[in-house]
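This report walks through one protein–DNA model, from cavity to pocket to DNA surface. Keep the structure open beside the text.

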Amino acid sequence: MPAVAGRASGGGGTTGRHEGNGAGLGSLAGVPELPEVESVRRQLVPRLTGRRIVAVWWDPHPHARFHAVERLVGRRIDAVGRRGKFLVCPLGGGTEDADLELVLHLGMTGSLRVGATCPDGTDPDAGLSHVRARLDLDDAHTLRFRDPRRFGRLSVVADRAYEQVVPTLAILGPEPLSAAFTVDGFAAGLAATRAPVKARLLDQRLVAGVGNIYADEILHRARLRPDRSADTLDRRRIVGLHDAVVGVLDEAIAAGGSTLGDAQYVDLMGKGGSYQEEHRVYGRAGERCSTCGVGWIRRSVTGGRGTHWCGVCQR
DNA sequence: CCGGGCCCCTGGATGC
DNA sequence: TGCATCCAGGGGCCCG
């Protein structure tokens, strides 16, 4: 296995460039999983709640993934919620009967900014690159959705009919940081499949919001090999894995996610996203394991995803 | 129904 | 220096 320059190969996505330019959220770089989306959500709440959308623009590019975005115009954002990696905003203020929601998935490279128009009418964010959608709000602010790789999705869904528009949201498992994520339910789901336990963590049905980076960190904390069959885990292992899911995600949210924010992001949060500094395995291939001090962090590729683990303390 | 593999996309890093 | 190739991984889709 070739040596990997671990930190440079990912490290939780620390590629945010300084683009601070006045009012607004800092851009959040990196692959957004539950902790990153939750951090974004918390920043958005005071800026979006109660705001009316007065105009909308979206990228006409054929690869852009938008659905019914035109229905946003005239609607009021009543709340900013989250399910797994999805931001879900109930919309009010319309004249039609349909119960509309704005559903946003950041994909791999999506990020959001909320910027104010200056009193002289100029827009400090006007020159931002890779803007795929823009929502003009009724308080002289604009929400911009940036997404270089176009894997993100922005949809308006009526009456929670997720099946056709956002199928993953329709089958999403319990929120890991809620009471709905029970050991019994988790155990039943794991016992039902011989798939590698990492695949089960990633597929969103057993538990919502875990992506590749946190799956590796969770399995390391639980001392489980990523390729271990899910149905071979005994109760003690399952409880440990459940605890690891909750513990890692909790700590990552507390750290502001695995991102490096620019100066503005730090200012708004009071602290920057720093969980990448706590990563024990992800992006650390070739380093000695900081948990056991004995093993070396290995890396393999399954399903096109990098997988990182310690050959000594994960069995 | 399942599990595995490959595809979408594009900027940055790497290789020649 | 410059061009080509590789790599990253959300979710979707297809195939055995």
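Strand β9 gives three residues to the lining of the largest cavity, the largest share of any element. The model is predicted. Five elements each supply at least two lining residues of this cavity: α1, β5 (86-92), β6 (100-105), β8 (131-137) and β9 (141-146). The lining numbers 13 residues, and L102, L104, L112, L143 and L154 lie nearest the centre of the cavity. By class, twelve lining residues are nonpolar, none is polar and one is charged. The space inside is about 110 Å³. Across the whole structure, a search finds four cavities of 30 Å³ or more.

**Helix α6 and a pocket**

Is helix α6 mostly covered or mostly open? Nine of the ten residues in α6 (residues 212-221) are buried, so the helix is mostly covered, with buried meaning under 20% relative accessible area. The buried residues are N212, I213, Y214, A215, D216, E217, I218, L219 and H220. They pack against α1 (34-48), α5 (197-202), α7 (235-254) and β12. After α6 comes R223, whose phi is positive, near 60°.

Helix α6 also contributes to the second largest pocket. This pocket has a volume of about 170 Å³. Its lining consists of E217, H220, R221, R223, V248, E251, Y275, E278, R280 and T291. Both α6 and α7 supply at least two of these residues. The largest share, three residues, comes from α6. The lining has six charged, two polar and two nonpolar residues. Two residues tie the pocket to the helix description above: E217 and H220 are part of the pocket lining, and both are buried residues of α6. R223, with its positive phi, is in the pocket lining too.

**The surface near DNA strand C**

Which residues come closest to DNA strand C? Of the 17 residues that surround the strand, the closest are M108, F151, T168, R299 and R305. Sugar and phosphate make up 56% of the strand's atoms that come within 4 Å of the protein. Three side chains place a polar atom beside a phosphate oxygen of the strand, as listed here.

| Residue | Distance from polar side-chain atom to phosphate oxygen of DNA strand C |
|---|---|
| H105 | 2.9 Å |
| Y282 | 2.7 Å |
| R299 | 2.2 Å |

Two elements give two or more residues to the surface near DNA strand C: α3 (167-170) and β12 (305-310). Strand β12 also packs against buried residues of α6. By class, the surface near the DNA strand has six charged, six polar and five nonpolar residues.

R299 features twice in this region. It is one of the closest residues to DNA strand C, and a polar atom of its side chain lies 2.2 Å from a phosphate oxygen.

**Residue L172**

L172 sits in the loop between α3 and α4 (183-191). Is L172 buried or exposed? Its relative accessible area is 10%, which is under the 20% cut-off, so L172 is buried. Leaving out residues up to four places away in sequence, L172 touches R83, G84, F86, Q204 and A208. W58 lies farther off: L172 and W58 are 27 Å apart in space, C-alpha to C-alpha, and 114 residues apart in sequence.

Technical notes:
Residues numbered from 1 in each chain as written. Chains lettered and ligands numbered in written order. Predicted model: local features only at pLDDT ≥ 70, side-chain atom pairs only at ≥ 80, totals over all residues. Heavy atoms only, no water. Near = heavy atom within 4 Å. Polar contact = N/O pair within 3.5 Å; in protein donor to acceptor, adjacent residues only side chain to side chain. Helix = DSSP H or I, 4+ residues; strand = E, 2+ residues; numbered from the N terminus. Nonpolar A, V, L, I, M, F, W, Y, C, P; charged D, E, K, R; others polar. Buried < 20%, exposed > 50% of the residue type's maximum accessible area, 1.4 Å probe, protein only. Contact = heavy atoms within 4.5 Å. 1 Å grid on protein atoms, 1.4 Å probe; cavity = no way out; pocket = protein on both sides within 12 Å on 5 of 7 lines; lining within 4 Å. Points joined across faces, edges and corners; volume = space filled by probe spheres on them.
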